[in-house]
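Take a look at the sequence and the 3D structure below. This report moves from the ligand outwards to the rest of the protein.

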Amino acid sequence: MPRSPSVAIVGGGASGALAAIHLLRHARARATPMEVILIDRDGRHALGQAYSTTDPHHLLNTTADKMSALDGDHGHLVRWARDHGLEVDGSDYLPRPLYGRYLREVLAAAERPPAQVLRRVTGTVTALDHRHGVSVRLGDGRRVDADAIVLALGNRPPAALPRVVAGAGSRYVADPWRTDALTRICDGAPVLVLGTGLTMVDVAVTVSRTHPDAVVYALSRHALLPRPHPHPLPLPVPTPIPPGPLKVADLLRAVRLAVRSRGGDWHGVVDGLRPQAQALWARLTPDERRRFLRLVARYWEVHRHRIPPATAARVADLRASGRLRVLRGSLVQAATVAPDRLRLGVEVEGVARELDVGWLVNATGPGSRTVDDPLLSGLVAAGTARPDAVRLGLDVDPRGALLDADGHPNARIFALGPLLRGSLYETTAVPEIRAQAAALAPRLVEAATSPVLVSRPSP
Ligand SMILES: Cc1cc2nc3c(=O)[nH]c(=O)nc-3n(C[C@H](O)[C@H](O)[C@H](O)COP(=O)(O)OP(=O)(O)OC[C@H]3O[C@@H](n4cnc5c(N)ncnc54)[C@H](O)[C@@H]3O)c2cc1C
């Protein structure tokens, strides 16, 4: 019996799951047989980094009406929650573990065996082969053949800090999103979190819930905390951006004008800019993109990635009671002074201090070094892929096809999600990823059903 066309998706987090959901549904609508192989290193299929948390106090930072898994059916999540007996409104911020359950269920429901089949594989993909058809190689020696491949690898882990954390040993948490990383640090000892963004907020929420007296220090160069969502959310405000070649200075000027015309209220302006963000990013030259990253990105991030009012209230309460202490400065060195104690040399507001803590957590946000990832660096070294112009990930064409070293699009290898940060900038949240997954589905069916010109080698 001839085998079904097949697509291997490398990375089984929300991006991989959304790609699989849209592909299976599209194939079903076209009555096309399709096998989707969803490969995840951690076995966290449909959950990934963001939705594998088990802490119900970790809330989505986006309202339920924006978090549907299905492009074109924005009420789907709210209906699903109500069908499960939950009283949910579109303006609610749902727990992230619940959202993970939702993604898993929608993924399972997208299958229609025997025609549209999903195979979940746990393993690390170390290389792709696309000389004869396409196949992925796993670290344990397995090989998966397919007709097309999607890279959905997610964010790179936080940048390594080998010099300053060398003395922290096993009490240093290099990647707080690894399975059980947060459970490990909840022993009541003080924690120093490097970074003051959304991940720090998650750490503070979890640590203080399990040990109400534990102190969390949050340290960053600018000590900028995520802003809260106002309630009710203001409507997005359209901000006119002049046509033609764009500079970061033009953008800032237009935004300042728009905020001023709103009497200083920036919320609607930021929300109005977000749907335009990819188009605006495309109009910046690589130099202007780098300027944005250097001077503006951190301010955009704290205004754009806001926390729900309940989380903001919790953060305010923790700060008021001294259980969360936000410090502006940097870590100078770390030393282990007892099996369960670290002494940290920090510089706070220009003054050297020492802090004794039990744990040091790297929450500095996603790294961007593709060279640290064997799969990505192998693809770049082989000329199959090339870094984007600002080196935040891989370069793709407007259809999501991987561009090779010479800028030619690959007919069978595609990418979506955070890996496209340098190409699209706003590509890390569900609404953007969902749209990419929907646009990719017909291209994947086309790629997977078109004949391979060179015959496959026998296994
Ligand atoms: C804490 C947090 C909260 C968020 N909250 C929201 C929100 O409220 N609303 C919103 O819209 N967005 C939110 N986001 C953003 C967005 O939903 C996530 O960034 C999204 O989950 C990205 O999913 P992903 O699959 O691309 O990446 P990941 O979740 O990182 O998944 C990638 C997967 O690929 C696997 N992988 C990587 N390399 C390989 C390999 N070589 N072989 C096999 N597997 C591999 C990894 O193990 C991982 O499981 C949040 C993000 C985070 C981190």
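The shell around the ligand mixes residue classes: 13 are nonpolar, 14 are polar and five are charged. This is a predicted model. In total, 32 residues surround the ligand. Gly11, Gly13, Ser15, Gly48 and Gly154 are the closest of them. Which elements supply at least two residues each of this shell? They are helix α1 (14-29), strand β2 (34-40), helix α2 (48-51) and helix α7 (198-210).

**A residue in helix α7**

Thr199 sits in helix α7. Is Thr199 buried or exposed? Thr199 is buried, because 22 other C-beta atoms lie within 10 Å, and 20 or more are enough for that label. Leaving out residues up to four places away in sequence, Thr199 touches Pro176 and Ala363. Now compare Thr199 with Asp42. They are 157 residues apart in sequence. In space, 19 Å separate them, C-alpha to C-alpha.

**Domains**

The domain assignment splits the protein into three named parts. Domain 1 covers 6-157 + 368-449, and domain 2 covers 160-227 + 306-364. Domain 3 is a single stretch, 248-304.

How far apart are the centres of domain 1 and domain 2? Over C-alpha atoms, the distance is 31 Å. Across the boundary, 10 residues of domain 1 are in contact with 14 residues of domain 2. On the domain 1 side of that contact there are three nonpolar, five polar and two charged residues.

**Overall build**

The secondary structure comprises 16 helices and 18 strands. Along the principal axes, the C-alpha trace spans about 70 × 55 × 50 Å. Why is the protein's radius of gyration in line with a compact globule? A compact globule of 459 residues would have a value near 23 Å, and the protein has 23 Å, so the two agree.

Of the 459 residues, 42% count as buried. Contacts also reach far along the chain. Take those with a separation of 6 or more: 69% of them join residues 24 or more positions apart.

**Nonpolar cores**

The largest nonpolar core has 78 residues. Ile9, Val10, Ala20, Ile149, Val150 and Leu444 touch the most other members. At least three residues of this core come from each of domain 1 and domain 3. Another core lies apart from it, with 37 residues. Leu192, Val216, Val315 and Leu324 are among its members.

Go back to Val150 in the largest core. Which residues is Val150 in contact with, leaving aside neighbours within four places in sequence? The partners are Val7, Ile9, Val10, Ala19, Phe414, Ala415, Leu416, Leu440 and Leu444.

**Unusual backbone angles**

Most residues other than glycine have a negative phi, and most peptide bonds are trans. The table lists exceptions in this model.

| Site | Feature | Angle |
|---|---|---|
| Pro113 and Pro114 | cis peptide bond | omega about 5 degrees |
| His231 and Pro232 | cis peptide bond | omega about 0 degrees |
| Ala31 | positive phi | phi near 50 degrees |
| Tyr425 | positive phi | phi about 65 degrees |

Where do these sites lie? Pro114 is in the loop between α4 (96-109) and β3 (116-122). Pro232 is in the loop between β11 (216-220) and α8 (248-261). Ala31 belongs to the loop between α1 and β2. Tyr425 is in the loop between α15 (421-424) and α16 (430-449).

Ala31 and Tyr425 have contrasting surroundings. Ala31 counts as exposed, because it has 8 C-beta neighbours inside 10 Å, and the limit for that label is 12 or fewer. Tyr425 has 22 such neighbours, so Tyr425 counts as buried.

**A charged residue inside**

Arg314 lies in helix α13, residues 309-320. Is Arg314 buried or exposed? Arg314 counts as buried, because it has 20 C-beta neighbours inside 10 Å. The cut-off is 20 or more, so a count of 20 is just enough. Arg314 and Gln49 are 265 residues apart in sequence. In space they are 23 Å apart, C-alpha to C-alpha.

Notes
Residues are numbered from 1 along each chain as its sequence is written. This is a predicted model: local features need pLDDT of at least 70, side-chain atom pairs count only at pLDDT 80 or more; totals for chains, interfaces and linings use all residues. Domain bounds come from an automatic or database domain assignment. Two residues are in contact if their C-beta atoms, placed from the backbone, lie within 7 Å. Ala, Val, Leu, Ile, Met, Phe, Trp, Tyr, Cys and Pro count as nonpolar, Asp, Glu, Lys and Arg as charged, and the others, Gly among them, as polar. Helices (H or I, at least four residues) and strands (E, at least two) are DSSP runs, numbered from the N terminus. The radius of gyration is taken over C-alpha atoms; the globule rule is 2.2 Å times the number of residues to the power 0.38. A nonpolar core is a set of buried Ala, Val, Leu, Ile, Met, Phe, Trp, Tyr and Cys residues joined through C-beta atoms within 7 Å. A residue is near a molecule or strand if its C-beta atom, placed from the backbone, lies within 6 Å of it.
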